[in-house]
Amino acid sequence: MDQFVYPTTLTPDPQDGGFVVTFVDVPEAITQGDDVSEALHQAADCLEEAIVGRIRRRDDIHKASPMRAGQYAVALPAHTAAKAALYLAVRQTEITQVELAARLQCDEKEVRRLLDPRHASKLSRMEAALALLGQQLVVSVQPVSGQKANGAQGTGASPTRPSIRGKAKPQRKREV
């Protein structure tokens, strides 16, 4: 499951030209571009801003719907996806920031920074926090393809970025 890779639809805009970009799972994320490449570039930025906004407002972050024919896959940047995964794990376990700080043996300010989507936290600390919450961060790298979900060729510009997947079985064990 690509938890932080969202399907997007590009709709030609007959009035202004270009494409309107929408996400079924993130309805507030709407943008546009003059061509497919620009629309997908704008889509990635728009998706990130929408998810960051949801984290800051303490709103829900919905899982991505399955890809359908004609849609493009747009992934959150890896750092934002890791922050979103930690945010969701904290909400799911209903742990307080103070309790998480105690478990991590750190100051509560560090936990606030770990949950701040605009703070450049170390990946190792986010992994440690996720592990304490029963989650594992798994990073996947895939080739840039520029293909739609149905396999039709796109423009060569791809919205696909490395994706982060949650709750996968480890390929090898690593001490945190």
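**From a helical salt bridge to the sheet**

R103 counts as partly exposed, since its relative accessibility is 41%, a value that lies between the limits of under 20% for buried and over 50% for exposed. The model in which this residue is seen is a predicted one, and R103 offers a convenient way into it, through the partner that its side chain meets. That partner is E99, and the two side chains form a salt bridge with an N to O distance of 2.8 Å. E99 is likewise partly exposed, with a relative accessible area of 35%. Both residues belong to helix α3, which covers residues 97-104, and because they are four residues apart there, about one helical turn separates them.

A comparable arrangement can be followed in helix α4, residues 108-115, where E108 and R112 lie four residues apart, about one turn of the helix. These two residues also form a salt bridge, in which the closest N and O atoms are 3.8 Å apart, a distance that falls within the 4 Å cut-off for such a pair. E108 has a relative accessible area of 30% and is partly exposed, and R112, at 42% relative accessibility, counts as partly exposed too.

Not every salt bridge stays inside one helix. The side chains of R91 and D60 meet at 2.6 Å, N to O; R91 lies in helix α2 (residues 78-93) whereas D60 lies in the loop between α1 and β4, so this pair ties together parts that are 31 residues apart in sequence. R91 is partly exposed at 35% relative accessibility, and D60, with a relative accessible area of 45%, is partly exposed as well. Elsewhere, E28, R54, R57 and D59 are linked in a network of salt bridges. A search of the whole structure finds 10 salt bridges.

The strands come next. Strands of a sheet pair through backbone hydrogen bonds, and they may do so in the parallel or the antiparallel sense. Here four strands make up an open sheet, with the order β3-β2-β1-β4 and antiparallel pairing. β3 (30-33) and β4 (72-75) stand at the edges with a single partner strand each, which means that one side of each has no neighbour in the sheet. On average, and with direction ignored, neighbouring strands of this sheet are turned by 35 degrees against each other.

Within the sheet, strand β1 (residues 5-12) runs antiparallel to strand β2 (residues 19-23), and five bridges join them; among the residues involved, L10 has V21 of β2 as its bridge partner. Helix α1, residues 36-57, packs on the sheet and touches β1, β2, β3 and β4, while the direction of the helix makes about 160 degrees with that of β3.

On the other side of the β1 and β2 pairing in the strand order, β2 and β3 pair over four bridges, again in the antiparallel sense. F19 has G33 of β3 as its bridge partner, and the connection from β2 to β3 is a hairpin of six residues. The edge strand β3 presents two faces: T31 and G33 belong to the covered one, and I30 and Q32 to the uncovered one. G33 thus appears in two roles, as the bridge partner of F19 and as a residue of the covered face.

Technical notes:
Residues are numbered from 1 along each chain as its sequence is written. This is a predicted model: local features need pLDDT of at least 70, side-chain atom pairs count only at pLDDT 80 or more; totals for chains, interfaces and linings use all residues. Side-chain values use heavy atoms; hydrogens and water are left out. Two strands pair if DSSP finds at least two bridges between them. Axes are lines fitted to C-alpha atoms, for helices over the stretch in contact, and angles run from 0 to 180 degrees between N-to-C directions. Contact means heavy atoms within 4.5 Å. Buried means under 20% relative accessible area, exposed over 50%, partly exposed in between (1.4 Å probe, protein chains only).
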